[in-house]
Amino acid sequence: EEALRESEEKFRTFTESAPVAILIYQNYQCVYANPAAEEITGYTSEELLVMKFWDVAHPDHKDVIKEGGKAIARGESSPKQYELRIVAKDGSEKWIDGRLELIEYEGKRAASISAVDITERKQVEEALRESEANLREAQKLVHLGSWNLDLTTNLFTTSEEMARIFKYSKDYIGLDEWTKFIYPDDKEMVETAI
């Protein structure tokens, strides 16, 4: 009993101070939620304890979560890592990176969910995608041709407008061919700059 009490105390000390949401479910019912879970979801631990694990899921991801949880409960393999949206108590949508594991809790089989809030990262990714799409549209509107060379990967891309200006197929131009469009007196300067 003493060893069990010490183990429980260590578990609580670790989970209560962890910056990661930790929730434990038995028979689809929440039996433990740490303070980080409250912070991410906006629900108190008392509210979480009367909720099923899919109750905070965004409607687009509810079925994925249900099926993953049911597969684990049946002892079947299921993805353990998920990036999905939840709906917090205040109605805001958040992205989480979550991990689902089968564990034993208080002598019974349980599912442990650990999750971090990745909403900010997802917003930055979406803003970048929008920015790139806007740049492509702007290039078309102002008849601006461009070549882009990623010096890390040597990935070379060219805009549709550049292909039109130089009258070549966009699919044809490659990293080795682009230098033929540079004025001969400028080649050394461009190659040195690159």
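**Exercise 1. Find which residue lies over the face of Trp-95, and follow its side chain to a salt bridge.**

Step 1. Lys-122 lies over the face of Trp-95, at 4.5 Å from the ring centre, where a charge sits over a ring if NZ of Lys or CZ of Arg is within 6 Å of the ring centre and within 35 degrees of the ring normal. The structure is a predicted model, in which local features need pLDDT of at least 70 and side-chain atom pairs count only at pLDDT 80 or more, while totals for chains, interfaces and linings use all residues. Residues are numbered from 1 along each chain as its sequence is written, and side-chain values use heavy atoms, with hydrogens and water left out.

Step 2. The side chain of Lys-122 also meets that of Glu-83 in a salt bridge at 2.9 Å, N to O (a side-chain nitrogen of Lys or Arg within 4 Å of a carboxyl oxygen of Asp or Glu). This pair links distant parts of the chain, with Lys-122 in helix α5 (residues 119–141) and Glu-83 in strand β3, 39 residues apart; helices (H or I, at least four residues) and strands (E, at least two) are DSSP runs, numbered from the N terminus.

Step 3. At 17% relative accessibility Lys-122 counts as buried, whereas Glu-83, at 38%, is partly exposed (buried means under 20% relative accessible area, exposed over 50%, and partly exposed in between, with a 1.4 Å probe and protein chains only).

**Exercise 2. Describe the salt bridge between Asp-60 and Arg-85, and explain which parts of the chain the pair ties together.**

Step 1. The closest N and O atoms of Asp-60 and Arg-85 are 2.6 Å apart.

Step 2. Asp-60 lies in the loop between α3 and α4, and Arg-85 lies in strand β3 (residues 81–87), so the pair ties together parts that are 25 residues apart in sequence.

Step 3. Asp-60 is exposed, with a relative accessible area of 55%, while Arg-85, at 17%, counts as buried.

**Exercise 3. Determine what surrounds Lys-94, which is buried yet has no salt bridge.**

Step 1. Lys-94 is found in strand β4, which spans residues 93–105.

Step 2. The nearest side chain of opposite charge, Asp-117, is 4.2 Å away from Lys-94 (Lys and Arg count as positive and Asp and Glu as negative, with His and the chain ends not counted).

Step 3. A polar atom of the Lys-94 side chain does, however, lie 2.8 Å from the backbone oxygen of Ile-40.

How values were computed: A polar contact is a pair of N or O atoms within 3.5 Å; within protein, one must be able to donate a hydrogen and the other to accept it, and residues adjacent in sequence count only if both atoms are side-chain atoms.
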